[in-house]
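The following note is intended to accompany the coordinates under review. Its points are numbered for ease of reply.

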Amino acid sequence: MKIGIIGLGFVGLSLTSVLSSKGYDVIGIDVDKEKREKIINGISPFFEPELENLLKKGLKKKLKISDDFSLIKDCDFIFVTVGTPQNTDGSINLSIIKKAVTTIGEILKRSKKKPIILVKSTVIPGTMRKNVLPILEKKSNKKAGKDFGLISNPEFLQESTAIKDTKFPHVIVLGGYETEFMKKAKKLFMKLHPNVPIIITNHQTAEMIKYANNSFLATKISFINQLSNICQKIPGANVDDIAKTIGLDPRIGKLFLSAGPGYGGSCLPKDMKALINFANTTGVNPTLLNAVEQINTKQLEQIISITKKKLGNLKSKRITILGTAFKPGTDDIRDSIAIELIKKLQKRKANITIHDPKSMKNTEKIFGDKIKYAKTIADAFSKSQCVIIMTQWKQYSKINNNNIKKMEKRIIIDSRRILAEKELVADYQAIGIGNNQ
Ligand code: UDX
């Protein structure tokens, strides 16, 4: 059995590495030369725990990496894992996936195989039936369901646990027509992930499931963030105790109730915008989704307003940002709230120093020499007038009074409450804890 994977981002490269390390005959395709060269040499183009080890194992086995799409002509399964970015109006941009399936269709035309094409890329409901399927049939001059299979197979992996999530998904969704191809795909997934629930549905429902998942997670975060803002006005109230307690109610669940600076990353903000945009095109006014997004955008104002309250005019003030990655365990700064914060503080002419265990290089690509980069946590504190904790990296929970004593003004704003339990010699304000503003 041969497996082709098109697009080697977080989803594609994780799948490529997991399957090839198990000995499957995998061909990974990507058009980005720089990325390919790294992967071929066993180097991941982004930081993701465990990924490089598996990639190296795969390369020692049957894994091939190429930009030559024609190599998929012998594949039994072809996974499409290309990006679906957003247009400036928030709507989904399908140009990359359209291009990929056009090429797949052209190759199918010349192939004798009857492969199953599984689309993992996040696409708005209707895309498979209105765009992907017609392009494939037209370019291949073949019929879906007869000459090739087409299945929506949304992915739920999280960055920083991408390998674990790829190996042990909580659910498999297969959207499409109930054909022999569907049976074959189900068999593959049952073999790869015994005991994992498999939901078989139609394309449009599978497409919508992905948005339902991400928008529900975003809703939980905005809910707790709004509550955290209320808590801050109640002397002594603590949002974490509230989240912990309501999380014990099985109807609510404990995950994704951690208040903070708002959700970032390459998926949640983009998928929320795409769903809102899509809902509007259907004539449904997505009032709840709009509110979730608005709360998220406004959450950063909380941090800026506390900073201004503590420091007054921000011009020339030395402010340290701890953490620019959108969450710990990754070097990804796409749609990171910390990056937004830096931009906003720069507009107010503050002097910014940043520290992040993994994403300094990526941050430097945006800000160059306009900000300073502290090599160590100790350096980040030295002479700072205000430290703002944005990402809950484990190493930041070890911050102590020795660090704080090196500051010029001992102001700490903790958007993740990782120092909330400590006795600090600082003017400390945590997001979501009342009465110490
Ligand atoms: C998300 C979805 O979780 C995943 O299922 C989907 O496949 C891709 O998008 P990811 O982008 O890796 O995964 O990030 P996630 O872990 O969901 O975090 C998103 C943002 O929400 C981060 O900025 C994080 O800090 C924030 N967050 C998360 C909170 O502020 N509080 C929480 O309780 C959880």
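1. Contact, as the term is used in this note, means heavy atoms within 4.5 Å. On that basis, residues 24 or more positions apart account for 71% of the contacts in the chain with a separation of 6 or more. The model under discussion is a predicted one.

2. Overall dimensions. The chain has 437 residues and a radius of gyration of 24 Å, which agrees with the value near 22 Å that a compact globule would have. Along the principal axes, the C-alpha atoms fill a box of roughly 70 × 45 × 40 Å. In secondary structure, the chain comprises 15 helices and 14 strands.

3. Burial and surface. Of the 437 residues in the chain, 54% are buried. The accessible surface amounts to about 20,500 Å², and carbon and sulfur atoms contribute 53% of that area.

4. Cysteines. How many disulfides does the structure hold? The number is zero. Two cysteines may be described individually: cysteine 75 has 0% relative accessibility and is therefore buried, the limit being under 20%. Cysteine 267, at 33%, is partly exposed because this value lies between the limits of 20% and 50%.

5. Salt bridges. Side chains of opposite charge can pair when their charged atoms come close. In this model the count comes to 19 salt bridges. The next three points take up individual pairs.

6. Arginine 417 and aspartate 240. The closest N and O atoms of this salt bridge are 2.7 Å apart. The pair links distant parts of the chain, with the two positions 177 residues apart in numbering: arginine 417 belongs to the loop between strand 13 (411-414) and strand 14 (427-430), whereas aspartate 240 is in helix 9. Arginine 417 is buried, with a relative accessible area of 6%, while aspartate 240 is partly exposed at 29%.

7. Lysine 146 and aspartate 147. Here the closest N and O atoms of the salt bridge are 3.5 Å apart. Which of the two classes, buried or exposed, applies to lysine 146? Lysine 146 is exposed, because its relative accessible area of 53% is over the 50% limit. Aspartate 147, by contrast, counts as buried at 16%.

8. Aspartate 249 and arginine 251. This salt bridge brings the closest N and O atoms to 2.8 Å. Aspartate 249 is partly exposed, with a relative accessible area of 21%, and arginine 251 is exposed at 74%. Elsewhere, Glu159, Asp332 and Arg334 are joined into one network by salt bridges that share partners.

9. Proline 250. This residue lies in the loop between helix 9 (239-247) and helix 10 (268-282). At 78% relative accessibility, proline 250 counts as exposed. Its C-alpha atom is separated by 20 Å from that of serine 215, which is 35 residues away along the chain.

10. Serine 91. The loop between strand 4 (77-80) and helix 4 (95-109) contains serine 91. Is this serine buried or exposed? Its relative accessibility is 14%, so serine 91 counts as buried. The side chain of serine 91 makes a polar contact of 2.6 Å with the side chain of aspartate 89. When residues up to four places away in sequence are not counted, serine 91 touches Pro85, Gln86 and Asn277.

Note on methods. Residues numbered from 1 in each chain as written. Predicted model: local features only at pLDDT ≥ 70, side-chain atom pairs only at ≥ 80, totals over all residues. Heavy atoms only, no water. Disulfide = S-S within 2.5 Å. Buried < 20%, exposed > 50% of the residue type's maximum accessible area, 1.4 Å probe, protein only. Helix = DSSP H or I, 4+ residues; strand = E, 2+ residues; numbered from the N terminus. Polar contact = N/O pair within 3.5 Å; in protein donor to acceptor, adjacent residues only side chain to side chain. Salt bridge = Lys/Arg side-chain N within 4 Å of Asp/Glu carboxyl O. Rg over C-alpha atoms; globule rule 2.2 N^0.38 Å. Areas by Shrake-Rupley, 256 points an atom, 1.4 Å probe, with all protein chains shown as cover.
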